[in-house]
Amino acid sequence: MKIALMILMLTVSAISVAQQTIFSVMKGSENLGDREFEKGEFNKAVEYYRSSLNKDPNNIQVLSKLAQAYSLLKDHRNCIATLNILASKGKTLTENEMFSYAESQSATGNYPVAIAYYKKCLEHDEQNALI
């Protein structure tokens, strides 16, 4: 009985450590991406965010950060694609995300969509100095 209890406790403990390790690895890539982003190293941030998404493709926060990095890199096609994925997961785009979407749509020549999203930005903030 004592041996079975010890084996059960060790098994539960090992599972808990494994879960913590997997979580820390997933969070680790995101944290490294955040550090690179803060330093202005957006290409490196993209690599870390994509690594994090490989482990957890539904992470809305990382998708948002990835889209922002693409926007700052002027990688408009990937910015649009990432924001489309974000919206497809049921997330309402923030004002900044909508503005990035509009800017990227405009840069790729999709002016009707760009105008629609600029208008959405103005609905949130009529005094938006960027528009």
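Which residues is leucine 93 in contact with, leaving aside its neighbours within four places in sequence? I looked this up first and found Leu83, Leu86, Met98 and Tyr117, where contact means heavy atoms within 4.5 Å.

Basis. I am working on a predicted model, in which local features need pLDDT of at least 70 and side-chain atom pairs count only at pLDDT 80 or more, while totals for chains, interfaces and linings use all residues. Residues are numbered from 1 along each chain as its sequence is written, and side-chain values use heavy atoms, with hydrogens and water left out.

Core. I then turned to the largest nonpolar core, a set of buried (under 20% relative accessible area, 1.4 Å probe, protein chains only) Ala, Val, Leu, Ile, Met, Phe, Trp, Tyr and Cys residues joined through side-chain atoms within 4.5 Å. This core has 25 residues, and Phe37, Tyr49, Leu66, Leu83, Leu93 and Tyr117 touch the most other members. At least two residues each come from α2, α3, α4 (76-88), α5 (95-107) and α6 (111-124). The helices are DSSP runs (H or I, at least four residues), numbered from the N terminus. I noted α3 as giving the most to this core, with six residues.

α2 and α3. I read an angle of about 155° between helix α2 (residues 42-55) and helix α3 (residues 60-72), with axes 9 Å apart. Axes are lines fitted to C-alpha atoms over the stretch in contact, and angles run from 0 to 180 degrees between N-to-C directions. The pair is therefore roughly antiparallel (over 145 degrees). The crossing of α2 and α3 is left-handed, the near helix being turned anticlockwise from the far one by less than a right angle. On the α2 side I listed Phe42, Val46, Tyr49, Arg50, Ser52 and Leu53; on the α3 side, Val62, Leu63, Lys65, Leu66, Ala69, Tyr70 and Leu72.

α4 and α5. Here the axes come within 9 Å and cross at roughly 135°, which makes α4 oblique to α5 (outside under 35, over 145 and 65 to 115 degrees). I recorded this crossing as left-handed too. His76, Cys79, Ile80, Leu83, Asn84 and Leu86 of α4 meet Glu97, Ser100, Tyr101, Glu103, Ser104, Gln105 and Ala107 of α5.

Lysine 74. What sign does phi have at lysine 74? I found it positive, about 60°, although lysine 74 is not a glycine. Most residues other than glycine have a negative phi. Lysine 74 lies in the loop between α3 and α4 and is exposed, with a relative accessible area of 60% (exposed is over 50%).
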